[in-house]
Amino acid sequence: YATGPGGSEGASMAFSHPRTDNFGIALLARRGGAATVTSSGLAAVFETVFDVPVVEARVRFGDCSFRLLGLHTLPPTGPRYAAWRDGQLATAASWARGGGPAVVLGDLNATRWSHPFRALLRDGRLVDSARGFGLHPTWPAFPGPIVLARVPIDQGLHSESLVTTRRELGPFVGSDHFPLLLELAWRAGEPCEALPDGGEPG
């Protein structure tokens, strides 16, 4: 998607940061959808050993806006990598507390029962979109007996002012991860906070 001229079918490219490894990142917006990306860029608050890019955006949704963070954390394949992953999640929690409704999406390389993930929910004041919908294990996506070992490491989190109305796995698309599909709505009876439309994400 990141190298295509117009993104995937039915969507436009709002932001892309391609890389030669598996940490390139892109943000696509559905054409004619209910949400509009008003600004996007790299999140400057994230600094890791490998300069892993993290995308930050503001999204106009109905009469209000929310902040969006898309990230792919380092895999916890050893003590050092686990510590770096935990640092990325802690930074995401601080970002989520930064003011206004927030959505955090991505391959967090953490299951919902892990301590770093629970700390992200608590410290970021976020809600797990899986609540009431099940686990939806996303990795690895390859068919065969390995299906029994799949784990839910792709996550979607949001502020209390939003609610998850739909959550399911998408079809196999050639990646080693299944897509995680979410639909969100503003919580009824709770006023949302309008955010500025212009400028770079802060």
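**Packing of helix H1: the buried residues of H1 pack against the strands S4, S5 and S6 and against helix H2.** This is a predicted model in which local features need pLDDT of at least 70 and side-chain atom pairs count only at pLDDT 80 or more, whereas totals for chains, interfaces and linings use all residues. Residues are numbered from 1 along each chain as its sequence is written, and side-chain values use heavy atoms, with hydrogens and water left out. Helices (H or I, at least four residues) and strands (E, at least two) are DSSP runs numbered from the N terminus, and contact means heavy atoms within 4.5 Å. The residues of H1 that are buried (under 20% relative accessible area with a 1.4 Å probe, protein chains only; exposed is over 50%, partly exposed in between) are Ala-82, Arg-85, Gln-88, Leu-89, Ala-92, Ala-93, Trp-95 and Ala-96. Seen down the axis of H1, these buried residues fall within an arc of 165° (taken from the directions from the helix axis to the C-beta atoms), so they line one face of the helix. The face turned away from this buried side of H1 carries the exposed residues Pro-79 and Arg-80. The 18 residues of H1 should span 26 Å at 1.5 Å a residue (the expected span being 1.5 Å times one less than the number of residues), and this agrees with the end C-alpha atoms of H1, which are 26 Å apart.

**Surroundings of Arg-85: this residue is found in helix H1 and, at 8% relative accessibility, counts as buried.** Once its neighbours within four places in sequence are left aside, Arg-85 is in contact with Thr-73, Leu-74 and Pro-76, with Leu-108, Asn-109 and Ala-110, and with Pro-116. Thr-73 lies twelve residues from Arg-85 along the chain, and the C-alpha atoms of the two residues are separated by 5.6 Å. The side chains of Arg-85 and Asp-86 are joined by a polar contact of 2.7 Å; such a contact is a pair of N or O atoms within 3.5 Å, where within protein one must be able to donate a hydrogen and the other to accept it, and residues adjacent in sequence count only if both atoms are side-chain atoms.

**The open sheet: six strands are arranged in the order S3-S4-S5-S6-S8-S7, with mixed pairing.** The edge strands, each of which pairs on one side only, are S3 (35–42) and S7 (127–128). Two strands pair if DSSP finds at least two bridges between them; S3 and strand S4 (residues 55–61), which run antiparallel, are joined by seven bridges, and Thr-36 stands opposite Arg-60 in S4. Helix H1 (residues 79–96) packs on the sheet, touching S4, strand S5 (64–72) and strand S6 (102–107), and its direction makes about 175° with that of S5. Helix H2 (residues 115–124) likewise packs on the sheet, touching S7 and strand S8 (154–158), with a direction that makes about 20° with that of S8. Axes are lines fitted to C-alpha atoms, for helices over the stretch in contact, and angles run from 0 to 180 degrees between N-to-C directions.

**Strand S8 within the sheet: five of the five residues of S8 are buried, so this strand is largely enclosed by the rest of the structure.** Asp-154, Gly-156 and His-158 point one way from S8, while Gln-155 and Leu-157 point the other way, and all are buried. S6 and S8 run antiparallel and are joined by five bridges, with Val-104 opposite Leu-157 in S8. S7 and S8 also pair in the antiparallel sense, over two bridges.

**Surroundings of Asp-128: this residue is found in strand S7 and, at 8% relative accessibility, counts as buried.** Asp-128 stands opposite Leu-157 in S8. The side chains of Asp-128 and Arg-112 are joined by a polar contact of 2.8 Å. Residues up to four places away in sequence not being counted, Asp-128 touches Arg-112, Phe-117, Leu-121 and Arg-167, together with Gln-155, Gly-156 and Leu-157.

**The S1 and S2 pair: strand S1 (residues 11–17) and S2 run antiparallel and are joined by six bridges.** His-17 stands opposite Ile-25 in S2. Side chains alternate along S2 (residues 25–30), where Ile-25, Leu-27 and Ala-29 point to one face and are buried, while Ala-26, Leu-28 and Arg-30 point to the other face and are not.
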